[in-house]
Amino acid sequence: MNVLVVYAHPKPDSLTGALKDVAVEQLRADGHEVRVSDLYAMGWKAQADTDDFGAVDESNFMLASGEAYRAGTLSPDIRAEQEKLLWADTVLLHFPLWWFGMPAIMKGWVDRVLTCGFAYGAGGTAVPRYGAGVLAGRRAMLVVSIGGKESSYSDRGINGPVEDLLFPIQHGILYYPGMDVLPPFLVHGTIRVDSDRFDDIADDLRERLSGLEKLEPIRYRPQGGGDYDRSLRLAAGREVPGANGFGLHVAG
């Protein structure tokens, strides 16, 4: 497979950086082609603004990004990342959980690269999304380092269920433009990790990546699959027994 690794951490010698290195080494050992977008090393510009678009005649920011995409006037760094996404069969996002989300530089990668016309809004009135779109057929997985204990990110944990925290990323950013989302690889309790524990984590990550092609994606409900009514609410009777909140959007 072609695998794109998008990585965000300012310290190469961090746990997140070390796990990125483990992932790249394992993927290449398994025969995959790998490209890495190291956002801090690239000096990635995090803020989306009109400088990204070139000369376009559109006042609405979202529509202007689509016009620039169609006209080929998006800035070169954005076009390069879009080409990587089209090249990739699988996309891995490696990042630490900071303030219950991804680092700003990675959110900036999302904001700038997943433009109108490319990742969404390409179908006019029949807009393909949630299981359909330009990126359909690709797979995506998060590799996330989390400082807190696993129990604090559980159903009764003070931080809330980690599945809920990651839902806007997995369902909103990855599944929306069509990618199948694989279960995330999560590492909790990362403030201090000794060498023995790191070796165990690295072995677990290698095992996960060696089985990447066989992993079953999260069964999010596609927008066009008949589960949602005309108002885009889940139709009555379609929910999995006991499901609530974001869990309603997983078919079980």
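**Exercise 1.** Classify K45 as buried, partly exposed or exposed, and identify its salt-bridge partner.

*Solution.* Step 1: K45 has a relative accessible area of 23%. Step 2: buried means under 20%, exposed over 50%, and partly exposed in between, with a 1.4 Å probe and protein chains only. K45 is therefore partly exposed. Step 3: a salt bridge requires a side-chain nitrogen of Lys or Arg within 4 Å of a carboxyl oxygen of Asp or Glu. K45 meets this rule with D49, the closest N and O atoms being 2.8 Å apart.

The model is predicted: local features need pLDDT of at least 70, side-chain atom pairs count only at pLDDT 80 or more, and totals for chains, interfaces and linings use all residues. Residues are numbered from 1 along each chain as its sequence is written, and side-chain values use heavy atoms, with hydrogens and water left out.

**Exercise 2.** Determine which salt bridges D227 forms and how its partners are exposed.

*Solution.* Step 1: D227 is buried, at a relative accessible area of 15%. Step 2: R221 pairs with D227 at 3.1 Å between the closest N and O atoms, and R221 is buried at 4%. Step 3: D227 also forms a salt bridge with R238, where the closest N and O atoms are 2.8 Å apart. Both D227 and R238 lie in the segment after α7 (195-210), so the pair ties together parts that are 11 residues apart in sequence. Step 4: R238 counts as partly exposed, at 38% relative accessibility. The structure holds 11 salt bridges.

**Exercise 3.** Establish why helix α6 is described as largely enclosed, and name the elements against which it packs.

*Solution.* Step 1: helices (H or I, at least four residues) and strands (E, at least two) are DSSP runs, numbered from the N terminus. Step 2: helix α6 spans residues 162-175, and 10 of its 14 residues are buried, so the rest of the structure largely encloses it. Step 3: among these buried residues are L165, F167, H171 and Y175. Step 4: the buried residues of α6 pack against β3, α5, β4 (139-145), β5 (180-181) and β6 (185-187).

**Exercise 4.** Characterise the interface of domain 1 and domain 2.

*Solution.* Step 1: an automatic or database domain assignment sets the bounds, giving domain 1 (2-218) and domain 2 (221-252). Step 2: 7 residues of domain 1 are in contact (heavy atoms within 4.5 Å) with 7 residues of domain 2. Step 3: the buried area, the accessible area (1.4 Å probe) that two parts lose on being put together, summed over both, is about 660 Å². Carbon and sulfur atoms give 61% of this area. Step 4: the rule finds 0 salt bridges across the interface of domain 1 and domain 2.
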